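Student: I'm new to this structure and would like a close look at a single part of it. Could you take me through chain A in one go, and then show me how it ties in with its surroundings?

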Amino acid sequence: MTLRSLLGRLLNILVTLFGVAVVVFVVIRVAPGNPIAMMLPPGASEADIDRLRALYGLDKSLVEQFVIWLGGILRGDFGTSISLRQDVLGVVLGRLPATLELAFAALVIAVVLGFALAILGTRRRQSATEGAIDLWNGITLSIPDFLWGLLFILVLGVAIPLFPVSGRISPRIDIDYVTNFYLFESILRFDGAVLRDLLAHMALPAIALGLPLSAVIAQVLKQSLKEVMGLDYVMLARANGFGEFAVIWREAMRNAMLPTLTLVGVQFTFLIGGTVIIEKLFSYEGLGNLAIDAVINRDLPLIQGIVLLFSVLFIAINIVVDLAYAALNPRLRHG
Amino acid sequence: MTLTRRALMGYGIAGLGFGALGLPNGARAQSGELTIAYNVNLPSFDPTVGPSAVNPTIQGIYQSVFDQYINQEPDLSFTGGLITEWGWTDDNTRIRMVVRDGVKWHDGSDFTAEDVVWSLERAGAADTGNPIQFVWSKIGNFAIDGNVITADVIEFEPTLFKWMGFLTGYVLPKAYYEKVGAEGFEAAPIGTGPYMVDKFERNAYLRLKANPDYWGGAPAFDTVTLKFVTDASSRVAEIESGASDITLEIPYEEYDRLTAKDGLEGVTTPVSDIGMIFLNDIEVMTDKNVRLAAAHAIDKSLIVDRLLSGYGVPIDTLQTPEYAAYDASIKVPYDPEKAKELLAASGYGPDNPVKFTIQTTRGFKPKDYEMIQAIVGLWRRVGIEAEIEVYEIAKHYELRAADQLAPAAFYNWGNSVGDPATSTGFAMFGPSPHSVWDTPDLIEKIAPLWGEANEEARIAGWKEVDKYIAEEGYVIPLIQYVQPIVHRTGLSVTPNVSGALHPYQVKPA
C-alpha cells in the first residue's frame, strides 16, 4: 500500500466518522422522546425542567451542542452518561470486550461449522448428504438468531437445564482480572474454572448468533469449491494421486475461500449488530445490552458514544478484511 | 448405519464438551443464599440523582442498601426509618425530627444527625441534580441539638414527610461521600440498610451481603444476588430452570402456568400502579357528553377478566383502595345505553360516530395495546370511532410535557406514596407538566389544596375533586395493576403495594 493510498484511506475514514457523528447526533435529537421528559418527577415545574435541561447541556442550540460534543471527542471526552452518570468512553470501552468476545466466539462457531459443512457437502456432492446439508442450511438461515436463542433457552436452559440462561459469568465467581477480556485473560492465566464458567454462559448466545452465519458461509464456500474443483490445477492434483479431502483442503480451498472471506468480514459486522438482541435475551452484559438501555432512557451522550464506537469497529473490521484479502490474493498483493 | 471409530470419537468429544460446559442449573440455591431475577437494571447507585432516582421499581434495590428518612411499609403506611419522630410546629413554620440512635454505616462509622442534615441540604441544592429538588428546597436553616433536628419551612408542603419515604428520600453518608466523591461512591457505595454491596457488575448482577448489625434486625439471607434480567421470557426461564429463587413482573399466563408446577409458588398483589386514559381538552373532548360516553362505554371488568386473566382491579378514580383519598362511593359504571344517550344528545351515534385519536404504548405495560384495542371495540358499539396511534413511552412523556397528547392517550400512573397530591394532583392540575387537562374550573378546585395544612380538610378536598372529575369525565381511570411474583417453595415473600420487591422482606418459610 503506497503512502498516497494510505493517506487517502485515512481521509476516507475520518470523513466517514464525521458523517456518522453528524447523522447520529441529528437523528437521536429528531427522534421522539427527550431525556428530560423521561426523568420528570411528578410535580416538576417549568423551572425544574429548565434547570434539568441546563444541567445536561440541552438548553443550547443543536449546533452549539454538536460543536461542544465534537470538541470533547477530539480531546477524548465523549461526555457523561445521563442515566449512568459516568464517563461515556469508559463505560463503552468497559463493555466492548464482552461483545467482542461473544461475537468472536460466534464467528469461530460459524466458520468451523460453515467450513465443515461446505467441505462435507463438496465431498459428498449430489448425494443425500449434500441434500441434508442444504436443508439444514435453509433451516438455520430462515430462523433468526433471537428465535434460536429462545429455542436454546427453552431446551438447553429449562427443559434440560445444562446451560445458564443469563449473564456473562456466575455471580458467585470473583475475578480480579486486568482487562475486561475475561475469556482471553482466563486462557492466558490458565484459569480453568473461570474459563469453563465463561464458556458455559457464552455457549447458547454464541451458537444462536453463529448458526445463521454458518449457513451463509457453508453455502457460499460450497458453491465456490464446486467451481474451483472443476479447474485444471485441481484436476492435476487429483491426477497426482491426492485424496479428495487433500485436494479440497490444500488445492481448492485457497482460491475458493476468497469470496467467503469478504462475506465473513461483512457478516461479522452484522453479527456484532446482532448481539444487541441476543445480549438482551440472555442478559449478557455487553455493548448491545447497554445500547438498548441507552435508547430506552434516551441517554443521548451514551447512544452517540456507542454508535461512534460501532462505526470505528466496523471500519477496523473492513480494514482487517481488506488486508487478509490482499494477503490471500496475489493479484492484489502485487498491485 | 455403521458407527465408525472416527464418528465415535466425534460424539465422544461433543459429549465431553457439553458435559464440561453444561452446568446443572436446577437446585442451585444454597443455604443462606437468595437469587432474584429482577426486572430492571440498576443504572446508578446514588438514589438521589439522575433518572433512576425516580424509577419506582428500582427503589427496592436502593432500600436494600440505604435507609430512608421515614420507612414505607408494604401496605404504604409510614413508620420510623432513620428518623423516628417527625412533625410540624403548630403554625407550620418549622419542622422537628428525631434521629435514630445506635445506627452504623456499612463502614462501621456512626450514623449521626449531621448525615440527615447534609442529605437534606444536598437534595435541596439546585446543582446536585436531584429531580425532587422542588420539594426538598422547601425547608432550610437546619439546626442540630443532639438527636433532634429542626428546620425552617420556606414553603409549606403538606406531603413533605411522605416524600421522606418516597423517591430520593434517602440518607447518604456525609463523611464518606465527601471523602470518596461522587465517582468513589458509585464504585463503592455504603448505606445503613439491611444489605451491603459486595459486588456490582453493571447490567448483569448485584451481589449483596447481609448487614448483621442492621438496626431493624439481621437479614434472613447471608447473600442476595439480584440478576438484572429485563426480558420477561428470560425471567420465566430463570425461575423455571431453578437458576433464580424469585422473579416478578412476568405475563399472567406464565404466572398461572409456573405456579401450577411443583416446587414453585406465587403471590399476586394489587400495586400502586394504575392504567388510565388521559383526555386532552382539545377537539371533541371539549364536549362533556363525548367524554362521559367514552367512560361509560368501557366494561373494565370484562377487560380484566379477558385480557389480564383476572389480575386487575377496576377503578373509577385515580385513587386505589390503598390511597389516602380513596372514595368507594365515586362510581362511573359500565352503561352502554347511557353512553349512547349522551352521544345522541351531541348528535352522534353508531351511524354518525364521533371520531378521535387514542395513543397507546405497545408492550410497555401488560396488554396495554390489547386493552386499547378492546376499548376501541366497545366504543365502536356506542358510536365512537377511535383511531389507535402507537407510540413509545419516551414519546408519551415528551408529548405530555408539551401538552400535545392526542384527545385520548393511555398511560400508567404510579403513586407509591399514596397521596392524592401525587395522583389526582399532578395528573390533573393544569399547570403541572404531567397534566393535559387545563380547564380553569379544575385548576381553581385543585389550587387551594396544595397548601392546605389541615390534613382532614385536605383529603376531603381531594375526594371532592375526584368526584367532580368523575362527573365531568376529565379522565378515564381503568384498572389497578396486579403484580405477579413467583418464588420457589420454601420462601415467604412479602409483596409491597408500591411494587418494589424488597429482598429484606423475603424469609425462609
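**A close look at chain A**

Tutor: Buried residues account for 41% of the 335 residues in chain A. Keep in mind that what you're looking at is a predicted model. As for the make-up of the chain, you'll find 14 helices and 0 strands in chain A. Read from the N terminus, the elements of chain A go α-α-α-α-α-α-α-α-α-α-α-α-α-α. Along the principal axes, the C-alpha atoms of chain A fill a box of roughly 85 × 60 × 40 Å. Now take the contacts in chain A between residues at least 6 apart in sequence: 73% of them join residues at least 24 apart.

Next, the domains. The assignment splits chain A into domain 1 (3-74) and domain 2 (94-333). Taken over C-alpha atoms, the centres of domain 1 of chain A and domain 2 of chain A are 33 Å apart. Where they touch, 13 residues of domain 1 of chain A are in contact with 10 residues of domain 2 of chain A. On the domain 1 side of that contact, α1 (3-30) and α2 (35-39) of chain A each supply at least two residues. The largest share of that side, 8 residues, comes from α1(A). Sorted by class, the side of domain 1 of chain A that touches domain 2 of chain A has 10 nonpolar, 3 polar and no charged residues.

Let's zoom in on a pair of helices. Helix α11 (residues 244-281) of chain A and helix α12 (residues 287-296) of chain A have axes that come within 7 Å and cross at roughly 85°. Angles of 65 to 115 degrees count as roughly perpendicular, and α11(A) and α12(A) are therefore roughly perpendicular to each other. If you want to find the meeting point, look for Thr275(A), Val276(A), Glu279(A) and Lys280(A) in α11(A), which meet Gly288(A), Asn289(A), Ala291(A) and Ile292(A) in α12(A). The residues of this contact of α11(A) with α12(A) are a mix of 3 nonpolar, 3 polar and 2 charged.

Another spot to find is Leu100(A), which sits in helix α5 (residues 88-123) of chain A. Along the sequence, Leu100(A) and Gly286(A) are 186 residues apart, yet in space they are 8.4 Å apart, C-alpha to C-alpha. Leu100(A) has 19 C-beta neighbours inside 10 Å, so it counts as partly exposed; a residue needs 20 or more to be buried.

That brings us to what is buried. In soluble globular proteins, nonpolar side chains tend to be buried together. Here the largest nonpolar core has 123 residues, and those with the most contacts inside it are Ala106(A), Leu204(A), Ile217(A) and Val116(B). Helix α9 (residues 192-229) of chain A gives the largest share of this core, 20 residues. As that list shows, one of those residues, Val116(B), belongs to chain B. Leaving aside residues up to four places away in sequence, Val116(B) touches Tyr69(B), Leu82(B), Ile83(B), Val99(B), Ile149(B) and Val171(B). There is also a second, separate core of 69 residues, which includes Ala386(B), Ala408(B), Val436(B) and Ile479(B).

To place those chain B residues, use its domain assignment: domain 1 (3-44 + 180-269 + 483-508), domain 2 (51-174) and domain 3 (270-482). The centres of domain 2 of chain B and domain 3 of chain B, over C-alpha atoms, lie 33 Å apart. Their contact takes 10 residues from domain 2 of chain B and 13 residues from domain 3 of chain B.

Conventions
Residues numbered from 1 in each chain as written. Chains lettered and ligands numbered in written order. Predicted model: local features only at pLDDT ≥ 70, side-chain atom pairs only at ≥ 80, totals over all residues. Axes fitted to C-alpha atoms, helices over the stretch in contact; angles between N-to-C directions. Helix = DSSP H or I, 4+ residues; strand = E, 2+ residues; numbered from the N terminus. Parallel < 35°, antiparallel > 145°, perpendicular 65-115°, else oblique. Contact = placed C-beta atoms within 7 Å. Nonpolar A, V, L, I, M, F, W, Y, C, P; charged D, E, K, R; others polar. Domains from an automatic or database assignment. Buried ≥ 20, exposed ≤ 12 C-beta atoms within 10 Å, placed from the backbone. Core = buried A, V, L, I, M, F, W, Y, C linked by C-beta atoms within 7 Å.
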